[in-house]
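The following note sets out several points on the model for the attention of a colleague at the bench. Each point may be checked against the coordinates as it is read.

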Amino acid sequence: MAKPDQRFGPTRRIGDLVVALRPLSPAAPWLGAWRTLAAAPAFDNLFYHPDFAIPAAGPFGSGVRVMLVGDRAPEEPGLRLLALWPIRVTRRRWGLPLAIGWMHPFGVFGVPLLDGDDPATALAALFSGLDAVGQRRAMLTHVPTRGAFADLLAGWAAAAGTRRTPFWAHARALLDLTGRSEAERAAYLGHLSARRRRRLRQSRERLEADTPLAFDTARTPGAVAAALDDFIALEGAGWKGRTGAATALACRPDEAAFVAAAVAAFAARGAMRIDRLHRDGRSLASALTFATRGRVWCLKIAFDEAAARDSPGAQHLHHLTRSLIDDPAVTVADSCAPPDFFLAETFWAERLPLAHVLVETRAGDRFYGLGVRLESLRAAAVRAVKRWRGRDKPAAEAE
């Protein structure tokens, strides 16, 4: 093996594998290997897919580096990646060095990309890589606390004899069609109450008092680009645009450029949809949804606040849910919504339990107990501030 170029960051050999820490860069020579891993990982993650992560580096990537596990140094041709995890190594959280999984306002799932054939070896090598570069503790952000990944993490920690502690436990709405027959999929919305069905019917009648509603899905690159422009205008006309909210694309040119690039990349390979509810050519609600194999990610939704009393957002999500149910390629839809987001939880009955998980690496961490106490205090302080501030979003957002 050629000697790795240390100018790019630490490179360590662990058995037959090579672990490296590299800058997040669109010019990285290992981008092709990243794409290959992201196409069929053990656990899909939109936010760590290169077509999403590389554009996101513009507004959100300062200080982010990528932990890589492969069969050779990342700069060598023929690289096969087994694991990839974007992280920041920071002291800002507690004053102690901490490797923390990359998260940002548009990145709310933090499971590393792991080899689909042998995720256990990939995860173990990832944590061994942290040891090799001197990191004794890490925090996985927004990872499931139940299911296959949680079991994998628990198995590694038990085998390694290390500690792990969850923080910030929360859950968000999920549409899970896994293993359902065609008839069971068709009956999915049967959980809606008679009262909810009546309200949906009444709001639709009000919205269609003069002109029928239409629901359509943009999928081709050209149609998606036009629908994205319409989405940004619709969102910008609401309270997010008026107040300059952090998630309003019209108010954040760098973030709008990132979303446009990610949307275009996914649309180019048929993995993007923008669903629009409209009346007489005017959009009432719209949503951006990305696909990674059978999993789709409903990243953002916007609706016309002038029609809020007639619940266009609820009508839109009702139509979107039926459209996803009718698509045999879809098995799971992640709302990407904050906890207790009423609109998503009305239609999607399942919940995805998540937390940030502090992990001690195999080398041991004599400050682990201190880190747990500091994170507990930080969490309590943040919750107290939120209670004091109350909900500062207009009620109309939740319909």
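1. In this predicted model, the charged end of arginine 295 is placed over the ring of tryptophan 297, at 5.0 Å from the centre of that ring. A second arrangement of this kind involves arginine 269, which lies over the face of phenylalanine 266 at 4.3 Å from the ring centre. Both ring residues, Phe266 and Trp297, also belong to a cluster linked by ring pairs.

2. The cluster deserves a closer reading. Its members are Phe47, Phe52, Phe60, Phe106, Phe109, Phe258, Phe266, Phe290 and Trp297. In the structure as a whole there are 12 aromatic pairs. One of them joins phenylalanine 52 and phenylalanine 258: the ring centres are 5.2 Å apart and the planes stand at 90°, so the pair is classed as edge-to-face. Because phenylalanine 52 belongs to helix H2 (residues 50-60) and phenylalanine 258 to helix H9 (residues 253-268), this contact ties together parts that are 206 residues apart in sequence. Phenylalanine 52 and phenylalanine 258 are both buried.

3. Strand E10 (residues 272-279) is largely enclosed by the rest of the structure, because seven of its eight residues are buried. It pairs with strand E9 (residues 213-218) in the antiparallel sense, over six bridges; there, phenylalanine 215 stands opposite leucine 277 of E10. E10 also pairs with strand E11 (residues 282-292), again in the antiparallel sense, over eight bridges. In that pairing, methionine 272 is set opposite phenylalanine 290 of E11, and Phe290 is one of the members of the aromatic cluster.

4. The turn between E10 and E11 merits inspection. Two residues separate the strands of this hairpin, and aspartate 280 adopts a positive phi near 55°.

5. What is the position on disulfides? A search of the whole structure finds zero disulfides. Cysteine 298 is in none, and the nearest cysteine sulfur, that of cysteine 336, is 7.1 Å away. A pair of cysteine sulfur atoms must lie within 2.5 Å to count as a disulfide. Cysteine 298 is buried, with a relative accessible area of 9%. Cysteine 336 likewise counts as buried, at 13% relative accessibility.

6. The second largest pocket encloses about 420 Å³ of space. Of the 23 residues that line this pocket, those closest to its centre are Phe43, Phe109, Pro144, Arg295 and Leu352. Two of these names recur from the points above: Arg295 is the residue whose charged end sits over the ring of Trp297, and Phe109 is part of the aromatic cluster. Helix H4 (148-160), strand E8 (164-176) and strand E14 (350-360) each contribute at least two residues to the lining of the second largest pocket. E14 provides the largest share of that lining, with four residues.

7. How many cavities of 30 Å³ or more does the structure hold? There is one cavity of that description, and the volume of the largest cavity is about 30 Å³. Its lining consists of Ala38, Pro41, Asp44, Asn45, Leu46, His49, Leu113 and Thr292. Among these, Thr292 falls within the residue range of strand E11 (residues 282-292), the strand that pairs with E10 over eight bridges.

Note on methods
Residues are numbered from 1 along each chain as its sequence is written. This is a predicted model: local features need pLDDT of at least 70, side-chain atom pairs count only at pLDDT 80 or more; totals for chains, interfaces and linings use all residues. Side-chain values use heavy atoms; hydrogens and water are left out. Buried means under 20% relative accessible area, exposed over 50%, partly exposed in between (1.4 Å probe, protein chains only). Two strands pair if DSSP finds at least two bridges between them. Rings of Phe, Tyr and Trp (its six-membered ring) pair if their centres lie within 6.5 Å; planes under 30 degrees apart count as stacked, over 60 as edge-to-face and the rest as tilted. A charge sits over a ring if NZ of Lys or CZ of Arg is within 6 Å of the ring centre and within 35 degrees of the ring normal. On a 1 Å grid over the protein atoms alone, a cavity is a set of points where a 1.4 Å probe fits but cannot get out, and a pocket is an open set with protein on both sides within 12 Å along at least five of seven lines; lining residues have an atom within 4 Å of a point. Grid points are joined across faces, edges and corners, and a volume is the space filled by probe spheres set on the points.
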